[in-house]
Amino acid sequence: MSKRRELELQRQAAQRRQSIMILGIVLFVTVLLVGGAILINQGNPPANSPAAAASLPSASAGLAAKPSPPNAEKGGRAWGPADAPIKIVEFIDYQCPACGQFAKTYDKPVVDAFAATGKVRWEYATLNFIDSFTPGSQESRDAAAASFCATDQDKFWQMHYALFDKQSGENKGGFARPRLKEMARAIGLNGEAFDACLDSNKYATKVDEASNLARDKNINSTPSFVVNGKVYPGFQSVTDFRRIFSEIAPGVVP
């Protein structure tokens, strides 16, 4: 065998050893990464799981039923007369932090300013888009369904405010069904009737219809407000609404 041929064989053997070593390193790193991911998942239960919900603060602690707005529609989800010249539909997702902030910051001033005037009707509809952030989650839809089930007992407003009071992050188990049932009892609903309503998916179609209506109006964020058919996204204060009313219904600004 020539010297050149011997050197070529040695070079090829060295390349094979190097390739085998690299493959071994890649396999070793892969095993470490997969094993680490399994351990992390074991230490952090998936969102919307019973374990995730169990790690959250009590769903009923400190929860007290709040009064309905003045001029609230009996057995409904609106305040103000049906023939009011100004009609508002607020689109919300009960998991949406911005919706919760609006409810806690602006809702009472708006109610105080307009609910008793007889010139404004305010309704709620749900756009349940936060579920899409986490495959398999239905917390937004279940929370919306819970608000409809509460409406059956003329307790929409109490559930509506309770849901915002008990926001616990997005798709983290805060609105898992056992917690929604706990909240219902804390605010005075008939627990058995509420459970039956929620578990039967009685309002699944209505919840989907509300989201479809929002999409038909090209609403893709919450909160958004439809005032006499015109969409206004984002926070709106009492001052903002007075300006909007003057634009869409001149002469009837309350």
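When I say that two residues touch, or are in contact, I mean that they have heavy atoms within 4.5 Å of each other. With that in hand, let me turn to Trp-122 in this predicted model, where, leaving aside residues up to four places away in sequence, Trp-122 touches Arg-77, Ala-78, Trp-79, Ile-88, Glu-90, Phe-102, Val-110, Phe-225 and Phe-241. Trp-122 also belongs to the largest nonpolar core, which has 52 residues, and Trp-122 is listed with Trp-79, Ile-88, Met-183 and Phe-241 as having the most contacts inside that core. Apart from this core lies another, of six residues, among them Phe-91, Ala-125, Ala-214 and Val-226.

Stepping back to the chain as a whole, the secondary structure comes to 10 helices and five strands, and of the 254 residues in the protein chain, 41% are buried. If we take the contacts between residues at least 6 apart in sequence, 76% of them join residues at least 24 apart.

Let me now take one pair of helices. Two packed helices are described by the angle between their axes and by the distance between those axes. For helix 7, residues 177–186, and helix 8, residues 191–199, the axes come within 9 Å and cross at roughly 150 degrees. Angles over 145 degrees count as roughly antiparallel, and helix 7 and helix 8 are therefore roughly antiparallel to each other; their crossing is right-handed. On the helix 7 side, Arg-177, Leu-180, Lys-181, Ala-184 and Arg-185 take part, and they meet Gly-191, Glu-192, Phe-194, Asp-195, Leu-198 and Asp-199 in helix 8. By character, the residues of this contact divide into four nonpolar, one polar and six charged.

Finally, some points about the backbone. Most residues other than glycine have a negative phi, and most peptide bonds are trans. Which two residues, then, does a cis peptide bond join here? They are Thr-222 and Pro-223, with an omega of about -5 degrees, and Pro-223 lies in the loop between helix 9, residues 204–216, and strand 4, residues 224–227. That loop between helix 9 and strand 4 is also the place of Asn-218, which has a positive phi of about 60 degrees although it is not a glycine, and which, at 67% relative accessibility, counts as exposed. Asn-201, in the loop between helix 8 and helix 9, is likewise not a glycine and has a positive phi, of about 55 degrees, while its relative accessible area of 42% makes Asn-201 partly exposed.

Methods: Residues are numbered from 1 along each chain as its sequence is written. This is a predicted model: local features need pLDDT of at least 70, side-chain atom pairs count only at pLDDT 80 or more; totals for chains, interfaces and linings use all residues. Side-chain values use heavy atoms; hydrogens and water are left out. A nonpolar core is a set of buried Ala, Val, Leu, Ile, Met, Phe, Trp, Tyr and Cys residues joined through side-chain atoms within 4.5 Å. Buried means under 20% relative accessible area, exposed over 50%, partly exposed in between (1.4 Å probe, protein chains only). Axes are lines fitted to C-alpha atoms, for helices over the stretch in contact, and angles run from 0 to 180 degrees between N-to-C directions. Helices (H or I, at least four residues) and strands (E, at least two) are DSSP runs, numbered from the N terminus. Angles under 35 degrees count as roughly parallel, over 145 as roughly antiparallel, 65 to 115 as roughly perpendicular and the rest as oblique. A crossing is left-handed if the near helix is turned anticlockwise from the far one by less than a right angle, and right-handed if clockwise. Ala, Val, Leu, Ile, Met, Phe, Trp, Tyr, Cys and Pro count as nonpolar, Asp, Glu, Lys and Arg as charged, and the others, Gly among them, as polar.
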